[in-house]
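Work through the exercises below with the structure open. Each task is followed by a solution in steps.

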Amino acid sequence: DKNIFEFKEIVETKEGLFWLKTRSRGIYLFDPEAKKFLKRYPLQKDEVSSRVFHLFLDENQTLWAATATGIFYFDSKIDIFISIKIKGIKNNETFWARGFSKSKSLKNVLWTVSKWGLVKINIQQKTANLEAVNNDFIKNSGYNVLEDDKKVAWISNKYGLARYDLVSKKM
């Protein structure tokens, strides 16, 4: 049934496989040469939420997923998505992580915007910290984030565009 699949994003691995994100059915791994799906990663306890908003493949070929329930990375050794705890947020409930952006000024750092604010992710250590909170321009309304060359995070949101200085930590 073609209506089952509604792929919203494609990320290609170095091996030529595709990670496919759906809005409500999780993440799929697809082999375009064989023209077949290798595996589906659906909503399961302690695994990636079926509501996936964005995927990011880092330079180490680790896949990151921003979801309704938090931030996950794929551990290829055990073939599972693992949730990372975000310092400053209790239990990652109704997290609503949005798009990822690679930091320009900090090595091994990704940014994402969540229901709770701006989140800084260390991709080497697999840790995350809530960076900016209690601001209506980010909290509950942020969609994506981009760090510029001047160490400023620009956050797109339902009100327009917010500017967060990563050095002074001020909006």
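The exercises go from the whole chain to single residues, and the model is a predicted one.

**Exercise 1. The chain as a whole**

Task: State how many helices and strands there are in the chain, and describe its burial, contacts and surface.

Solution: Begin with secondary structure: the chain has 16 strands and zero helices. Next take burial: 48% of the 171 residues count as buried. Then take the contacts between residues at least 6 apart in sequence; 38% of these join residues at least 24 apart. Last comes the surface, where the chain exposes about 9500 Å². Carbon and sulfur atoms supply 49% of that area.

**Exercise 2. The largest pocket**

Task: Give the volume of the largest pocket, and determine which residues are closest to its centre and which strand gives the most to its lining.

Solution: The volume of the largest pocket is about 240 Å³. Its lining consists of 16 residues, and those closest to the centre are Gln61, Thr62, Phe74, Asp75 and Ser76. Sorted by class, the lining has seven nonpolar, five polar and four charged residues. Strand E7, residues 70-75, gives the most to this lining, with three residues.

**Exercise 3. Gln61 and Lys169**

Task: Find what is notable about phi in Gln61 and in Lys169, and place both residues in the chain.

Solution: Start from the background: most residues other than glycine have a negative phi. Gln61 departs from this sign, with a positive phi near 70 degrees. Gln61 sits in the loop between strand E5 (52-57) and strand E6 (63-67). Its relative accessibility is 26%, so Gln61 counts as partly exposed. Lys169 is not a glycine either, and its phi is positive at about 60 degrees. Lys169 belongs to the segment after strand E16 (160-165). With a relative accessible area of 46%, Lys169 is partly exposed.

**Exercise 4. Aromatic rings**

Task: Count the aromatic pairs, classify the pair formed by Trp64 and Tyr73, and name the residues that ring pairs link into a cluster.

Solution: The count comes to 13 aromatic pairs. For Trp64 and Tyr73, the distance is 5.6 Å centre to centre and the angle between the planes is 45 degrees. Planes under 30 degrees apart count as stacked and those over 60 as edge-to-face, so the pair falls in the remaining class, tilted. For burial, the limit is under 20% relative accessible area. Trp64 is buried because its value is 0%, and Tyr73 is buried because its relative accessibility is 13%. Finally, the cluster linked by ring pairs holds Phe7, Phe18, Tyr28, Phe30 and Phe37.

**Exercise 5. Two loop residues**

Task: Decide whether Asn108 is buried or exposed, decide the same for Gly88, and find what lies around each.

Solution: Asn108 is in the loop between strand E10 (100-102) and strand E11 (109-114). Asn108 has a relative accessible area of 14%, so it is buried. Setting aside neighbours within four places in sequence, Asn108 is in contact with Glu59, Lys102, Ile121, Asn122, Ile123 and Gln124. Gly88 lies in the loop between strand E9 (86-87) and E10. Its relative accessibility is 69%, so Gly88 counts as exposed. Gly88 and Glu131 are 43 residues apart along the chain, while their C-alpha atoms are separated by 8.6 Å.

How values were computed: Residues are numbered from 1 along each chain as its sequence is written. This is a predicted model: local features need pLDDT of at least 70, side-chain atom pairs count only at pLDDT 80 or more; totals for chains, interfaces and linings use all residues. Side-chain values use heavy atoms; hydrogens and water are left out. Helices (H or I, at least four residues) and strands (E, at least two) are DSSP runs, numbered from the N terminus. Buried means under 20% relative accessible area, exposed over 50%, partly exposed in between (1.4 Å probe, protein chains only). Contact means heavy atoms within 4.5 Å. Accessible areas come from the Shrake-Rupley method with a 1.4 Å probe; for residues, only the protein chains shown count as cover. On a 1 Å grid over the protein atoms alone, a cavity is a set of points where a 1.4 Å probe fits but cannot get out, and a pocket is an open set with protein on both sides within 12 Å along at least five of seven lines; lining residues have an atom within 4 Å of a point. Grid points are joined across faces, edges and corners, and a volume is the space filled by probe spheres set on the points. Ala, Val, Leu, Ile, Met, Phe, Trp, Tyr, Cys and Pro count as nonpolar, Asp, Glu, Lys and Arg as charged, and the others, Gly among them, as polar. Rings of Phe, Tyr and Trp (its six-membered ring) pair if their centres lie within 6.5 Å; planes under 30 degrees apart count as stacked, over 60 as edge-to-face and the rest as tilted.
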